[in-house]
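Colleague: Could you take a close look at the membrane-annotated spans of one chain, and then follow the contacts from there?

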Amino acid sequence: MGIWLHVLQSLLNPGVLLYLLFGVVIGSFLGGLPGLTATMGIAILTPITFWFSPEKGFAMLIGVWNSAIWAGGLTAILVNTPGTPASIATTFDGFALTKLGKAKLALQINTVFSVFGGLFSTLILIVAAFPLAKLAIKFGPAEYFMLGLFGLTMMISVSGNSLTKGALMGFAGLLVSTIGLDPILAAKRFTFGITDLLMGVSFIPVMIGMFGVGEVLYQISVSKSDDFIERDENASDKPIDLGKDHLTLKMIWEMGPLAFLMAAVATVVGAIPAAGGDIASIICWGQAKRLSRHPEKYGKGSEEGLATSCIANNGVLGGALTTMLTLGIPGDAATAIMIGSLMMYGMQPGPRMFVENKEFVITIMLLMIFANIIILLYGLLTTKASIKLLSVKKQFIWVTVLILCIVGSFALNNSMFDVVVMLIAGFLGFFMKRMDYAPGPFILGLLLGKIIESNLRRALSLTQGSYSFLLTHPIVIVLEVLIILALIGPLVKKLRNGRKAVA
Amino acid sequence: MLYGDLVFGAVSLGLSVWFFIMSLGFPSGSSSNGVPGAGFFPGVISILIALVSIVLMVQGFRQKRHYFQPVKSIKEMPTNTRNLFLTIVSLMIFMLLWKFVHFFVAIGAFIFFLNVLFRQKLLVNIIYTVVSIAFIYLTFGKIFHVMF
């Protein structure tokens with residue numbers, strides 16, 4: 001208890017809270033503007049946070065992360081365009097409520113229930129993380145090897161429409177992770193005489209490139225001609241009517257039981273590597289519709305449906321953090337970047353972090369709580385102002401993102417090589433998006449490659465080269481079964497859909 | 001015949017073969033303690049990529065999907081494709097220019113060009129460019145001490 005109070009005292013420092021507030025404000029723009037995502041924002045801001053202390057840096061990142069996911073619901077509700085992928089399900093009922101003249105109610109539901117989801121999953125993180133970390137201490141090289149493979153398999157199985165493309169990207173990420181010095185023998189691999197490649201391909205410039213530059217190039221490529229025509233500034237578009245309906249305590253009370261259930265589901269989904277807010281919100285919306293007394297209202301302006309999707313997309317965050325902190329495996333793309341950020345601060349996510357950096361683990365947990373409280377106040381106070389987001393021109397966003405990507409990647413190590421890596425990753429990210437190759441497996445392969453390889457080789461050295469550990473370790477066997485299910489699941493689903501179509 | 005996935009699959013097959021051949025030249029492990037050498041993991045991954053690439057090529061051939069429209073000249077390109085092409089070219093020119101002039105000159109030219117490309121008004125363009133350079137200089141140059 002003493003350590004919690006000590007961390008709480010150090011966080012109640014105007015400096016840290018100010019960075020958290022900055023993060024929330026920046027996140028509200030990132031999430032509220034279609035085309036900018038929480039992952040992109042965290043990727044671009046990460047190099048900037050290295051100049052701050054770990055507490056301030058992470059305060060900003062946590063603020064951005066939570067706020068961007070919440071803010072993605074704003075444009076989903078107002079103009080039927082999700083600000084982030086996690087807000088896809090928010091459009092189902094959110095925009096319908098706007099069309100019914102209840103935009104203000106919808107925006108308040110978005111704020112209150114997003115915060116509820118975030119706080120609930122953070123409480124689960126606080127309760128579950130320490131026991132899970134104790135369990136994870138029992139993990140040896142064989143378990144970490146299989147866990148890395150499990151994370152990668154999950155990402156491949158949920159990425160896009162093609163398992164083949166997902167697998168190719170995952171393996172490509174693993175191969176790129178081998179560039180540099182071999183982790184055990186220190187032999188040079190695929191460096192082509194370039195000194196900068198001795199330390200391998202840096203993860204953060206790749207993230208910035210794929211999610212920043214790649215996304216901007218894609219948006220430019222699909223933009224319509226009239227996006228570039230100057231509009232008459234006196235022309236009046238019909239303003240959005242916020243309406244007079246607002247959220248009441250009675251509504252919150254009535255949605256209570258369902259809210260708790262969906263928050264729990266979302267937290268569990270978030271804990272599964274690679275399952276993010278988009279998957280959780282669609283699963284939760286579908287389940288809530290099944291359980292609801294008024295399923296016919298779902299998709300037509302159901303307050304309950306909207307609340308469920310908002311709970312789910314912020315509810316995954318605590319689950320994703322649980323997996324990241326206890327096992328060192330990212331729960332989603334944003335936590336993948338945060339792992340990189342922690343490593344830059346000299347911390348290794350995983351059970352050791354709960355021993356060597358216990359205070360910082362508690363710091364992250366408390367920052368999550370503070371972030372949600374700030375979002376609640378900020379969101380409710382800026383309900384009317386959120387409409388202004390719609391007037392920002394896409395072209396300014398594109399240019400701003402490109403500049404920040406270039407400057408951010410250079411600022412990491414004052415190295416032009418990082419900018420080159422970032423741009424190559426950006427071009428690759430564009431082609432991947434254009435040709436329906438999901439970047440998630442590639443990023444995860446790049447991040448997990450060293451973990452998978454070094455633990456496999458350590459496991460083999462412990463068994464004198466024998467692969468018997470695949471059949472003798474209980475946790476390894478459980479993970480193997482989960483991997484097989486994760487790979488077979490989409491194939492079975494595809495076969496069933498094929499049979500239904502024929503029938 | 002040049003379907004998107006078929007081409008992509010062929011390129012990745014070629015790259016995987018190249019990486020596999022290179023990995024054969026890496027130091028091998030010790031047979032006494034069973035630790036695989038430096039070429040083991042990249043070799044295995046290269047083989048997996050090759051196998052998946054072949055599957056992708058077959059799927060690409062069967063699906064017959066094109067992801068990009070062929071264009072003969074820049075004048076024939078639709079606006080969005082032309083903007084994309086010019087944005088990519090301007091990024092490359094920016095990187096080359098940066099080698100010969102100071103970063104702020106190069107980024108200023110890059111920002112100005114992009115705003116012209118995206119049809120921003122001249123005054124807005126100038127203001128945006130100046131404000132951006134000032135922001136980068138003050139925040140990254142002075143506060144974060146980034147050495148441009």
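Modeller: Residues 122-140 of chain B are 100% helix and 0% strand, with end C-alpha atoms 26 Å apart; helices (H or I, at least four residues) and strands (E, at least two) are DSSP runs, numbered from the N terminus. This is a predicted model, in which local features need pLDDT of at least 70 and side-chain atom pairs count only at pLDDT 80 or more, while totals for chains, interfaces and linings use all residues. Residues are numbered from 1 along each chain as its sequence is written, and chains are lettered from A and ligands numbered from 1 in the order in which they are written.

The unreviewed UniProt entry annotates 7-26, 38-62, 83-116 and 122-140 of chain B as "transmembrane region"; positions follow the numbering used here, feature names are shortened, and annotations may be inferred rather than shown by experiment. Across residues 83-116 of chain B, 94% is helix and 0% strand, yet the end C-alpha atoms lie 11 Å apart.

Chain B puts 46 residues into its contact with chain A, which supplies 40 (C-beta atoms, placed from the backbone, within 7 Å). On the chain A side, α8 (163-177), α9 (203-222), α17 (394-413), α18 (416-434) and α19 (439-462) each give at least two residues. The most come from α8(A), with eight. By class, that side of chain A has 23 nonpolar, 10 polar and seven charged residues (Ala, Val, Leu, Ile, Met, Phe, Trp, Tyr, Cys and Pro count as nonpolar, Asp, Glu, Lys and Arg as charged, the others, Gly among them, as polar).

Key:
Contact = placed C-beta atoms within 7 Å.
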